[in-house]
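Thanks for coming. I will walk through one model today, starting with a sheet and ending with the pockets.

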Amino acid sequence: MKNTLSFHFESELTTVCGLSKNSKGLELTTIETIQKGIPALGDNVAIFKNSLSKVLKEVESLIINADRITISLPAETSLAKQIPYIDAHEEEKLRELLTFEIELLFPKFTVDDFFVKLFPLEGKSKSAQMQLAILMEKNLMQAIQETFANFGKKVDVFQVRQLAAHSTFLYNYPELLNNTVVILGIQEKFLDVSILREGKLLYYDLASFNSVKELGSICQVEITKLLSGTVSFIDHVFVFGNSLTAESLSQAHASLFGIIQKVERLNAFRMITTELDQRTKEYCSRTSHLFVPCIGSALLDPHKVSFVLE
């Protein structure tokens with residue numbers, strides 16, 4: 001791996017990791033938390049670029065020295081949607097289906113406004129197979145590229161945070177590769193829910209809640225739904241995200257007690273070495289759940305892409 005600088009942007013927080021490769025695997029070379037995020041792109045691209053420039057200025061020297069830039073985007077800047085399976089050769093039918101979904105959620109946009117990747121969901125019969133559509137707004141990606149260009153760099157990878165979390169999990173927990181694992185991403189008032197079975201993508205959905213007090217019951221509803229229709233057994237549940245706190249993790253534990261044996265925080269640095277000082281290592285240990293998307297976007301996408309629409 002080249003000297004990689006990886007970013008994850010939220011509305012009020014940006015996390016940054018520097019990564020390289022050594023004889024043991026990945027090495028963490030730098031870690032930063034910036035108490036600034038990026039706003040929604042909206043109609044004012046200049047304001048967006050200005051906000052992003054202020055964030056990047058804080059790590060300008062790291063950007064200049066990086067060989068490769070990767071980015072993980074928050075859920076509100078992209079769309080992840082489980083849709084019926086259509087063969088990639090039937091592009092016109094795919095466009096019609098995507099147009100329908102976009103009109104429901106983003107009536108001001110068309111399918112041509114998005115960069116689209118489709119991932120088949122494993123484990124179902126062909127007649128019932130579904131696929132995951134990832135849509136990223138082209139204008140947003142272009143605005144980010146143009147801002148990085150002001151620092152003499154281009155972005156090599158754009159990833160959505162839940163898929164980045166899959167990469168992070170698969171790298172850091174190789175002994176669980178053959179298990180059935182649920183990954184929960186908690187961000188503000190949204191809960192991303194996905195299942196990996198033997199490392200393959202089986203299911204994705206997005207749930208919402210109003211307060212952390214509801215999180216336990218939401219987790220219970222989502223896991224019960226999965227066990228009643230998608231899988232017969234779940235080995236582990238891993239949780240990550242900027243909104244993950246001791247209270248929210250406790251809520252998840254309590255609600256799933258007796259249903260799932262193991263519910264734990266996803267450790268982004270579990271199999272990553274570093275020569276950074278002890279204080280930084282302790283910080284990494286406390287905040288590993290925040291850097292899950294950051295680490296994941298720097299890794300290879302673990303899932304097979306069946307279709308790309310640029």
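**The five-stranded sheet**

Strand S12, residues 236-240, runs parallel to S13, and four bridges join the two. Within that pairing, Val-237 has Val-263 of S13 as its bridge partner. Before I go on, please keep in mind that this is a predicted model.

Two helices pack on the sheet. Helix H6, residues 215-229, touches strand S9 (180-187), strand S10 (190-197), S11 and S12, and its direction makes about 145 degrees with that of S11. Helix H7, residues 246-256, touches S9, S12 and S13, and its direction makes about 170 degrees with that of S13.

Now the sheet as a whole. It is open, with five strands in the order S11-S10-S9-S12-S13 and mixed pairing. Which strands stand at the edges? They are S11 (200-208) and S13 (262-265); each has a single partner strand, so one side of each is left without a neighbour in the sheet. From one strand to the next, the twist averages 20 degrees.

Next, strand S7. This strand covers residues 130-137, and seven of its eight residues are buried, so S7 is largely enclosed by the rest of the structure. S7 pairs with strand S5, residues 78-84, in the antiparallel sense over seven bridges. Strand S6, residues 114-120, is also antiparallel to S7 and is joined to it by seven bridges. Met-136 is a useful residue to find on the screen: in S7 it stands opposite Ser-78, and it is the bridge partner of Phe-115.

That brings me to the pockets. The largest has about 470 Å³ of space. Its lining has 27 residues, and those nearest the centre are Ser-78, Leu-79, Ala-80, Tyr-204 and Leu-206. So which elements give two or more residues to this lining? They are S5, S7, helix H5 (161-172), S10 and S11. By residue type, the lining divides into 16 nonpolar, six polar and five charged.

The second largest pocket has a volume of about 300 Å³. It is lined by 18 residues, with Ala-40, Leu-41, Glu-76, Thr-77 and Glu-137 closest to its centre. S5 and S7 each supply at least two residues of this lining, and S7 gives the most, with three. Here the division is 12 nonpolar, four polar and two charged.

To close, one strand to remember: S7 is among the elements that give two or more residues to the lining of the largest pocket, and S7 gives the most to the lining of the second largest.

Note on methods:
Residues are numbered from 1 along each chain as its sequence is written. This is a predicted model: local features need pLDDT of at least 70, side-chain atom pairs count only at pLDDT 80 or more; totals for chains, interfaces and linings use all residues. Side-chain values use heavy atoms; hydrogens and water are left out. Buried means under 20% relative accessible area, exposed over 50%, partly exposed in between (1.4 Å probe, protein chains only). Two strands pair if DSSP finds at least two bridges between them. Axes are lines fitted to C-alpha atoms, for helices over the stretch in contact, and angles run from 0 to 180 degrees between N-to-C directions. Contact means heavy atoms within 4.5 Å. On a 1 Å grid over the protein atoms alone, a cavity is a set of points where a 1.4 Å probe fits but cannot get out, and a pocket is an open set with protein on both sides within 12 Å along at least five of seven lines; lining residues have an atom within 4 Å of a point. Grid points are joined across faces, edges and corners, and a volume is the space filled by probe spheres set on the points. Ala, Val, Leu, Ile, Met, Phe, Trp, Tyr, Cys and Pro count as nonpolar, Asp, Glu, Lys and Arg as charged, and the others, Gly among them, as polar.
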